[in-house]
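Student: Hi! Could you walk me through a couple of spots in this fold?
Tutor: Happy to, let's look at it together.
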Amino acid sequence: MRIEKFQYIREFSQFENREVTIKGWVSNKRDSKGLVFIIMRDGSGFTQCVADAAKLSAEQFEAAKRLTLESSLTLTGTVVKDERQIGGYELQITSLDIIQVADEYPISKKEHGVEFLVDNRHLWLRSKKQWAMMRVRNRVIFAIHNFFQQNDFLQMDAPIFTGNACEGTSTLFETDFYGRPAYLSQSGQLYGEALAMAHGKIYTFGPTFRAEKSKTRRHLSEFWMIEPEMAFYDLDMNMDLIEQFLKAVVKDVTEFCKEELEILERNTAFLENAINLKFPRIHYDDAVAIIRGEKDVDGKNSILTLENDLKEINDKITALQNEITERENKIAGGTLKAGEINFNKNKIDTIKNEIKDLQEKADNIPQWLNSARNFEHGNDFGGSDETVLTRLFACPIMVYNWPTAVKAFYMKRDPNDPRYVKGVDVLAPEGYGEIVGGAEREDNYEMLLERIKHEELPVEAFDWYLDLRKYGTVPHAGFGLGLERMVLWISGATHIREAIPFPRFYGRLEP
Ligand code: 4AD
Ligand code: MG
């Protein structure tokens with residue numbers, strides 16, 4: 001059987017008032033007298049299609065009525081402009097051909113628990129928000145390649161099986177490589193450095209593995225990382241590039257994924273800020289002072305802001321609880337009509353959900369306050385510290401010059417103050433936390449060897465890496481962007497598992 005020529009929903013603007021054939025699935029369906037409204041999805045988009053009993057044969061109209069969610073079909077019809085409809089068009093069906101009437105679809109409109117949705121990830125991907133999110137991911141990837149290719153970077157690939165740890169030994173996945181232990185790559189960086197010595201400016205873009213034995217909304221066990229590495233770059237040049245790069249990607253995605261961001265109900269104010277505002281560059285010492293409330297940001301104090309927010313949330317919860325009581329009293333009063341009772345009951349349910357969300361926010365704050373007040377200089381930032389800090393800023397920030405002890409062995413020590421290394425973390429606003437980690441690299445052979453030994457890493461595994469400091473060592477720098485963290489922040493979703501087609505994290509290997 002040959003498949004006849006067909007069109008895509010995305011191309012509808014070229015076919016106004018003309019006949020098209022589309023192929024896809026029923027994402028939603030509503031029957032009314034003599035009409036069946038089908039929301040079709042064809043991969044390229046969603047559109048409302050109308051089957052009218054007056055215009056179709058009885059047999060075809062019956063077929064339309066038989067369709068279940070996710071049934072597959074071919075539709076032919078006329079594309080009619082209608083601003084009120086998704087995509088701005090409607091398809092008036094002239095002929096309908098069922099491919100399969102689907103079994104009862106497990107994902108319905110009602111709220112499902114997250115575990116259920118992740119168990120059904122292979123189907124959940126068809127849902128509108130997930131569809132939009134994967135399109136954002138695709139555009140982020142495209143924009144990343146675009147940026148680096150336009151700036152004369154070479155994309156080069158690092159191996160996945162490696163003999164050495166790049167980012168500490170605690171998160172390694174060990175495999176058996178012909179009888180020898182090998183680790184799945186935690187980062188392509190060390191190889192990226194070798195490649196930069198051959199090609200100047202390169203970037204790797206590959207899968208990355210970290211055994212993170214905890215479930216957080218920011219951590220995956222398998223994720224994708226983009227790691228540029230540049231010869232003859234110092235920390236400042238690195239930060240300039242990071243900022244330029246992130247701005248370019250955000251700009252591209254907001255421009256080309258307008259529809260997707262709308263579907264995701266993304267408030268794009270922070271994205272606009274990321275494009276337009278200069279990212280503040282904050283020394284680690286200052287960041288610590290800000291977290292502890294010893295230093296204000298534009299008149300805003302971390303501790304006072306948190307206390308104030310907690311009070312506001314609690315007041316809001318009290319007000320909502322009062323509203324519930326009022327509505328319950330009205331219902332109990334016995335004077336309401338059935339419709340009004342239902343209306344109030346629905347309202348109460350909505351308010352209860354709102355309270356649940358607020359309560360969740362309120363529950364976090366005492367912890368944040370506690371860890372902010374007691375933050376010890378010299379420590380790495382935890383998720384809550386990042387949130388406390390970034391809440392005070394309207395765009396991503398870059399924290400640089402980190403204590404040597406909390407950062408990786410390859411970072412260059414600040415010659416003016418060797419207690420610090422020339423590392424930089426970019427923290428996204430809105431509580432999304434670290435999206436980029438980078439550094440100027442230690443380019444001195446002795447210093448690097450000393451750091452490797454100090455970290456008790458096996459020196460033999462780093463022989464080749466040390467060679468780079470023997471044969472024409474130069475200052476160089478680079479960074480790593482976590483693709484899913486970037487997609488998550490741009491989409492404004494809450495959990496990183498939605499930013500990758502098939503997430504792998506602690507306890508999740510299927511589907
Ligand atoms: O800060 P990280 O560990 O830095 C590196 O791996 C360096 N070798 C990068 C470089 O300089 N070439 O990781 C970089 C980024 C983080 O900022 C974060 O966005 C992401 O990778 N990331 C994760 N994303 C999802 N799940 C995890 N478990 C992640 N761990 C890091
Ligand atoms: Mg990091």
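Tutor: We'll talk through one strand and then a pair of helices, keeping in mind that this is a predicted model.
Student: Okay, strand β16 first. Is β16 mostly covered or mostly open?
Tutor: Mostly covered: β16 spans residues 476-482, and 7 of its 7 residues are buried.
Student: And which residues sit on each side of β16?
Tutor: His-476, Gly-478, Gly-480 and Gly-482 are on one side, with Ala-477, Phe-479 and Leu-481 on the other. Both faces are covered. In general, side chains in a regular strand alternate between the two faces of the sheet.
Student: Which way does β11 run against β16, parallel or antiparallel?
Tutor: Antiparallel, with 5 bridges joining β11 (residues 222-231) to β16. To find your way there, look for Ile-226, which stands opposite Leu-481 of β16.
Student: What about β15 and β16, how many bridges there?
Tutor: There are 5 bridges between β15 (residues 433-440) and β16, and these strands run antiparallel. Here Ala-439 has Gly-478 of β16 as its bridge partner.
Student: Switching to helices: at what angle do α9 and α12 pack?
Tutor: About 85 degrees, with the axes 9 Å apart. Angles from 65 to 115 degrees count as roughly perpendicular, so that is what we call α9 relative to α12.
Student: Which residues make the contact?
Tutor: From α9 (residues 284-291), they are Ala-287, Ile-290 and Ile-291, and from α12 (residues 383-390), Asp-385, Val-388 and Leu-389.
Student: How many of those are nonpolar, polar or charged?
Tutor: The α9 and α12 contact has 5 nonpolar residues, no polar ones and 1 charged.

Technical notes:
Residues numbered from 1 in each chain as written. Chains lettered and ligands numbered in written order. Predicted model: local features only at pLDDT ≥ 70, side-chain atom pairs only at ≥ 80, totals over all residues. Heavy atoms only, no water. Buried < 20%, exposed > 50% of the residue type's maximum accessible area, 1.4 Å probe, protein only. Helix = DSSP H or I, 4+ residues; strand = E, 2+ residues; numbered from the N terminus. Pairing = 2+ DSSP bridges. Axes fitted to C-alpha atoms, helices over the stretch in contact; angles between N-to-C directions. Parallel < 35°, antiparallel > 145°, perpendicular 65-115°, else oblique. Contact = heavy atoms within 4.5 Å. Nonpolar A, V, L, I, M, F, W, Y, C, P; charged D, E, K, R; others polar.
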